[in-house]
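Let's walk through a structure together, one feature at a time. A learner asks, a teacher replies.

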Amino acid sequence: MRARLLLIASLLTIALIGAWGMLDPEGIVSGASVIVEQYFVSRGWFVMLAVSAMLVFCVGLAVSPYGRIRLGADDDRPEFSTPSWIAMLFAAGMGVGLLFWAVAEPLTHYRFGVQFMAPPVAAQNALMATNFHWGFHAWAIYGATALVIAYFAFRRGTPMLVSAPVEHLFPGELWARIAGFLADFMAIVAIAIGVGGSIAMGVFQVADGVDVMMGGTEAAPWLVAVVFALMVAAYLPPLLVDLGAGMSRLSNIAMAIAIGLIVFVIILGPTEYLMNSIVASLGDYLSKAIPRGFQTLNFFDPALVGWFQDWTLTYMVWWIAWGPFVGVFIARISRGRTIREFVLGVLVGPTVFSIVWFGTFGGIGFFDVLRSTGDLLALTETNVERVTFGLLERLPFTTLTTVATILAAFLFIVTSVVSAAFVLGTFSTGGDPNPPPRIRLIWGVLLGVLGAAMVLAGSIDAVKKMIALGALPFVFVSILLCVCMLRALKDEKPVQPVPEVSHADR
């Protein structure tokens with residue numbers, strides 16, 4: 001009964017949001033903007049405090065004696081090798097966003113910052129801001145959600161639901177059942193809106209890439225519509241079959257293309273400049289990341305406060321929107337790992353890759369801008385979807401790299417939507433790990449409706465506001481999950497290290 005009620009409530013809610021967005025895109029963007037901006041003004045401090053608390057939660061468990069506890073039985077061992085595991089969780093957690101913002105985000109921050117500081121300082125701060133948005137704090141949101149779900153699923157035998165920790169710790173309690181229902185419902189809404197936003201972002205970038213190859217200056221509405229239709233046509237058929245190794249292979253192909261792009265840009269671009277950029281941004285990030293998590297720019301110019309709300313706060317709730325989806329995915333592939341292994345892998349590996357990624361693409365963007373040899377900076381204001389392709393035009397083999405970027409963006413979106421539809425089906429059917437194809441297909445269609453609504457919104461800024469709106473309630477659920485984990489660990493006996501036995505003692 002509960003699963004059916006949750007399914008009906010979530011389907012109706014998402015359908016209504018999607019219909020509103022398609023019929024009145026300006027109205028839904030305006031409404032979302034008002035709510036999000038008011039929340040950021042009154043509760044921005046809470047978002048930053050909550051995200052920093054999740055990072056402390058993950059690191060604290062990793063360095064404590066509880067870090068030796070396995071996510072599963074004590075004799076379980078990981079199913080995947082560590083490199084494969086990190087590659088899979090990274091592809092699920094970031095995907096098309098990396099391709100879209102590779103050059104655009106550092107240059108956008110630079111364009112804003114250069115109003116207040118010297119260009120070299122603005123460039124350094126722009127890379128720092130970008131790395132902060134994609135670094136430890138982002139992955140702590142994913143890691144905290146995934147860690148709690150994996151612990152309760154593999155250690156306590158609960159379903160892979162956001163509600164499971166609460167209902168497991170307080171069985172039979174009415175308030176726990178109500179809180180659990182609301183947690184699952186908010187998770188579904190956050191996932192659906194977050195993935196819908198990523199669909200729109202992918203459509204914008206793929207359409208602009210195709211337009212570049214056709215010699216255009218801005219993707220026409222008909223081209224955007226065609227790309228959207230092709231994307232939906234690509235992800236709907238896989239929803240009718242089991243989620244198998246095919247999706248994993250597609251994600252790995254997309255990830256391999258992304259790595260290939262990094263190597264290509266470093267080798268054929270200004271290599272020494274880019275390596276300096278990577279090393280300098282790594283050191284700058286490590287020295288400032290933790291304090292940055294507690295900054296709200298409360299005493300600064302209103303323009304800086306607006307930037308903080310539009311970027312840092314929006315990014316944090318964006319990752320929260322993806323938290324339940326990515327959390328379930330990471331949990332599924334992490335059985336057998338210790339809490340310490342899990343935290344180190346989830347936080348360190350993807351963060352280092354992001355710093356290398358933005359140090360490479362942001363670095364070559366600054367190489368162009370600081371020498372006034374191109375117009376990339378202007379693109380961040382007029383057509384942000386085209387900035388990555390504008391950079392590739394300055395390097396050899398432009399057609400090849402443009403096609404590779406289009407293909408990677410397309411694959412990231414298809415695999416993300418298919419995986420999200422499975423997770424949404426699991427959540428809305430009471431934890432069924434293999435929901436019926438009919439349910440998966442319904443969710444695929446609704447994700448397409450949401451994506452269409454965000455495409456009609458017409459801009460990335462509008463998409464960011466709508467994603468933030470869907471994620472705001474889940475901030476409180478994320479904190480509740482961490483509290484449940486800490487309470488459950490009281491019943492665990494910290495695992496003691498097994499002493500080594502020397503040959504002389506045998």
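**Reading the model step by step**

A: Let's start in a loop: F397 sits between α16 (387-392) and α17 (398-428). Keep in mind as we go that this is a predicted model.

Q: What is the phi of F397?

A: F397 has a positive phi of about 55°, although it is not a glycine.

Q: And is F397 buried or exposed?

A: The idea is to look at relative accessible area, where over 50% counts as exposed. F397 comes out at 56%, so it is exposed.

Q: Which other residue that is not a glycine has a positive phi of about 55°?

A: That would be L297. You'll find L297 in the loop between α12 (271-292) and α13 (302-332). Here the cover is another matter: L297 has 16% relative accessibility and counts as buried, since the cut-off for buried is under 20%.

Q: Let's zoom out. How many helices and strands are there in the protein chain?

A: The protein chain has 20 helices and 0 strands. Its radius of gyration is 22 Å, close to the 23 Å that the globule rule gives for 506 residues, so the chain is as compact as a globular protein of that length.

Q: What box do the C-alpha atoms of the protein chain fill?

A: Taken along the principal axes, the box is roughly 65 × 65 × 50 Å.

Q: How do I read burial over the whole chain, and what percentage of the 506 residues count as buried?

A: You apply that cut-off of under 20% relative accessible area to each residue. In this chain, 57% of the 506 residues count as buried. As for the surface, the accessible area of the protein chain comes to about 20,000 Å², and 67% of that belongs to carbon and sulfur atoms.

Q: What share of the contacts with a separation of 6 or more joins residues 24 or more positions apart?

A: In the protein chain, that share is 85%.

Q: Can you show me a residue to go with that? Where does T108 lie?

A: T108 is in helix α5 (residues 104-113), and with 9% relative accessibility it counts as buried. Leaving out residues up to four places away in sequence, T108 touches W311 and T380. There is also a distance to look at: T108 and L376 are 268 residues apart along the chain, and their C-alpha atoms are separated by 10.0 Å.

Q: How far apart in space are G60 and R340, C-alpha to C-alpha?

A: They are 9.7 Å apart in space and 280 residues apart in sequence. G60 belongs to helix α2 (residues 25-63), and at 32% relative accessibility it counts as partly exposed.

Q: And what are the separations between G448 and T271?

A: G448 and T271 are 177 residues apart in sequence, and in space they are 41 Å apart, C-alpha to C-alpha. G448 itself is in helix α18 (residues 437-457) and counts as buried at 7% relative accessibility. Apart from neighbours within four places in sequence, G448 is in contact with F228 and Y235.

Q: Where is M255, and is it buried or exposed?

A: M255 has its place in helix α11 (residues 245-268). At 7% relative accessibility, M255 counts as buried. Its C-alpha atom is separated by 19 Å from that of N131, with the two positions 124 residues apart along the chain.

Q: Now for the cysteines. What is a disulfide, and how many does the structure hold?

A: A disulfide is a covalent bond between the sulfur atoms of two cysteines. This structure holds 0 disulfides.

Q: Why does C58 have no bond to C482?

A: A disulfide here needs two cysteine sulfur atoms within 2.5 Å. The sulfur of C58 has its closest cysteine sulfur in C482, 6.8 Å away, which is too far for a bond. C58 is buried too, with a relative accessible area of 2%.

Q: Which cysteine sulfur is closest to that of C484?

A: That one is also in C482, at 9.2 Å, again too far for a bond. C484 is buried, with a relative accessible area of 4%.

Q: One last feature: how far apart are the mean positions of the positive and negative charges?

A: The protein chain has 28 positive and 31 negative charges, and their mean positions are 10 Å apart.

Note on methods:
Residues numbered from 1 in each chain as written. Predicted model: local features only at pLDDT ≥ 70, side-chain atom pairs only at ≥ 80, totals over all residues. Heavy atoms only, no water. Helix = DSSP H or I, 4+ residues; strand = E, 2+ residues; numbered from the N terminus. Rg over C-alpha atoms; globule rule 2.2 N^0.38 Å. Buried < 20%, exposed > 50% of the residue type's maximum accessible area, 1.4 Å probe, protein only. Contact = heavy atoms within 4.5 Å. Areas by Shrake-Rupley, 256 points an atom, 1.4 Å probe, with all protein chains shown as cover. Lys, Arg positive; Asp, Glu negative; His and termini not counted. Charge placed at Lys NZ, Arg CZ, Asp CG, Glu CD.
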